Each structure stands twice: as C-alpha cells, then as structure tokens.
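Q: Please take a close look at one part of this model, the surroundings of the ligand and what leads up to them, and explain each term as you go.

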Amino acid sequence: MPAGPEEKVNLLGLDRAGLERFFVDLGEKPFRARQILQWIHQRGVTDFADMTDLSMALRQRLDARARMTPPSIISEQCSDDGTVKWLMGTEGGNAVETVYIPEPSRGTLCISSQVGCMLNCTFCSTATQGFSRNLSAAEIIGQVWQAATTLGHERHGQRRITNVVFMGMGEPMLNLEAVKPALSLLRDDLAYGLASRRVTISTAGVIPGIDDLAEGVEFALAVSLHAADNELRSRLVPLNRKYPVEELIEACKRYTRGHHRRSVTFEYTMIDGVNDQPQHARALVRRLSCLPCKINLIPFNPFPGTPFKPSSGETIYEFQKITRAAGLITTVRKTRGEDIDAACGQLVGKLLSPSQRRLLVQQQLARQAVAS
Ligand code: SAH
C-alpha cells in the first residue's frame, strides 16, 4: 500500500548525507542524492515526475515513499525599502516569519528556527507569543527554498540571497538537531552554495550549543549580549541565570581559539535609560577586551505593550564612541522594513494574535486542499 502523505519522508529537509542514506535504504546508489539536491534546491522542483534524469521506475518508487513539501506562503508584505516579510505556514497549523533584506552589495535572508520562543527576553515581541515547537529541518530550509523560489535565485546574474542569518523567531541553539542539516544544505554547492562565513547563527547565549558548533565548520556566530553585567543581563535575557556572562564570554573565546578567521559579533539592543549609558559602554569594553569580536548596536524596535523605548541617536553615538575609543569595532544596525514590522524583535506582526494566525493558517490549508 502506498504511504499516506504524512508517512512520506519530506526530502526537502535531508542534507546530502541524509539523502545518501535514504537512497541506500531504497537499494539505490548514493549518487542519486546529488541529482535530487539540485532538482529540489537549485531548480525548485517538487514533483518527482519532472525529474527527467531519473528512470520512470525510480520516480514512481520515490513518489510512493517521499515528498517535497515546503512551508506555504500565507502572506507577503513588501516594505518601501525593498524588505519583504513572509508569514509561512508550517505543518500542523503553525506559522513563522521570514524576512528578506536587500542591500546594494548583498541580500540577507533572516529565517526562523522555532515557532515562538521559550527564552522570554523582556524586550522581544516573539516572547509575547510563547513557545509552540521546534521547526523541522524541512521547515527551516524550506523558508530559504520559498524565498529563493519567490524572488528568483538570481537577478542580473547576481545571487539574490547571499547571506542567511538565524535571527528570526526562536533560539537556533535549542534546535540544533534540525538546524544542522539546514546549515549543511546552505553550504552545499549542489543546494545553496553559501560560504560558511555568510551564514550567521545568533544565540541568546546557549553555551552547550556554542561549544557544539565550535567543533564543526566555521559558521559566523552572533551572541545577543545586551548587557555586560549579570544583574542587568538576567533582567533582559533570563537565560543569563543559567549561563552567566563570564561563562558565556569564555565559551566565545573557546569558539574563536585556534581559528584565526573566527570572530564573534555581539548584538546589543539599545534601550533608553536601561543599558545605554556610558557606564554600560565601559562595562562592555571591560568584558570584551582580549576576544576577537565586533559589536553591533541595534536601536530597540518598539512593539505594542512594551514598556521600553529606543535610545536616542545621540546616546547610541556616544556609546559607540566609548567602545571605539577602546579599540572595539562597533557598528550601528540600520533598521529595515519598519513599515511592515519586519525589524529585529518585531516578528509576529501586531495585526495577528495567535488565534488570528491559526485561523489564517487553517484558511490557507483549506484553500490548498481545494486547489489540489
Ligand atoms: N534567539 C536568538 C535569535 C533571535 S533574535 C538570539 O537571541 O540571538 C535576533 C536579534 O534581535 C537578537 O539579538 C535579539 O536580541 C534582537 N532583538 C529582539 N527583540 C528586539 C527588539 N525589540 N529590538 C531590537 N532588537 C531586538
């Protein structure tokens, strides 16, 4: 009896090693993995019938056991500045957000790793949604697949997506099992072919995850620091109670040790009167000396219900000046896609409550069922 849709393996989430195992289990040669990778990720094909270099018999066997299902696009919003935000529906009626940020010399895709988040950072709107579940590898790489398919892989001979950052919803280090195959597909020349330094994993400071990634390929690491002392950081990022700043910095040192090209980017959200004063800048300088790093100051992005306000441009400038004077490389992140609530920490648009979102997802699934 042929497998039902939910029993079929979703090949979208298998990296090259996973696909090779899949084909070997099927009694096929492992090199089939290479063909399938290109069909799925470079040509955007999701129907085995279109894979013309596979025999008819193999296509039929694949059809009986496997599928390629990306997340569905529930909505697409385009900002005046070219930023695009998608609400993507995942299996089981959940949705996540994915953002594309074009710049003259690159195109960055910001992807989600979980539905909601369990870390409860007090200045982040995703936290207000609570945590639903981990995304699967297919749902993580599926966001890249959808964005590349919707935007087109190339424009004027240039790649559309040159960088991928795990800075959407969720904490990637708490879902490494699914994040790792997605990372491997991002790098694979037969899939997205991105240099590993163009893929950034952002973490609120999950030390075992940092140590785990330190073992493998050199991806770019971003750590959401937001405060240099434990008392303040624990208020902003409750995870700090489990992994305090001094241990986190030690883990970052381990990450860079022995790799002269590795550096860590520290993200620091500038919140008015909370963590943006000269003494905070000086504390940050003390913490980050003797570590190859960059600081990225992010003006706080407000969302409904938050008591926090963004720091003024002048305060941010003063903060930047102090850290630069101490020899640290400090940049200020430009906020993009504000008119569509696509900026950092704003994911989960204010228009949609969790129940509204569930309703939208159900409507979309019903539309798809009618269409197929
Ligand atoms: N959980 C991961 C990745 C998601 S958050 C992490 O914490 O790094 C991506 C970045 O946006 C983090 O640096 C986060 O602290 C920051 N951020 C969250 N809410 C924000 C807000 N309201 N304004 C500005 N930056 C915010």
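A: Two residues are in contact when heavy atoms of theirs lie within 4.5 Å. The model is predicted, so local features need a pLDDT of at least 70 and side-chain atom pairs count only at 80 or more, while totals for chains, interfaces and linings use all residues. Residues are numbered from 1 along each chain as its sequence is written, and side-chain values use heavy atoms, without hydrogens and water.

A good place to begin is leucine 291, which sits in the loop that joins α9 (278-288) to β15 (293-299) (helices, H or I, have at least four residues and strands, E, at least two, as DSSP runs numbered from the N terminus). Leucine 291 counts as buried because its relative accessible area is 9% (buried is under 20%, exposed over 50%, partly exposed in between, with a 1.4 Å probe and protein chains only). Once residues up to four places away in sequence are set aside, leucine 291 touches Ile249, Cys252, Lys253, Thr256 and Phe266. Although glutamate 250 is 41 residues away from leucine 291 along the chain, their C-alpha atoms are separated by 9.3 Å.

The strand that follows this loop, β15, brings us to the ligand, since β12 (199-203), β14 (264-270) and β15 each supply at least two residues of the shell around it. There are 20 residues around the ligand, and among these Phe123, Ser202, Ser224, His226 and Asn301 come nearest (near means one heavy atom within 4 Å).

Three polar contacts (N or O atoms paired within 3.5 Å) can be followed one at a time. Glutamate 267 places a polar side-chain atom 3.1 Å from an oxygen atom of the ligand, whereas threonine 269 has a side-chain N or O atom 3.2 Å from a nitrogen atom of the ligand. In asparagine 301 the atom concerned belongs to the backbone, where an N or O lies 2.9 Å from a ligand nitrogen. Taken alone, the ligand exposes 530 Å², and the protein buries 96% of that area (Shrake-Rupley method, 1.4 Å probe).

To set beside leucine 291, consider a polar residue, glutamine 114, which belongs to strand β7. Glutamine 114 is buried because its relative accessible area is 0%. A polar atom of the glutamine 114 side chain lies 2.9 Å from the backbone nitrogen of glutamate 171. Beyond its neighbours within four places in sequence, glutamine 114 also contacts residues including Val96, Phe131, Arg133, Met169 and Leu174.

Notes:
Polar contact = N/O pair within 3.5 Å; in protein donor to acceptor, adjacent residues only side chain to side chain.
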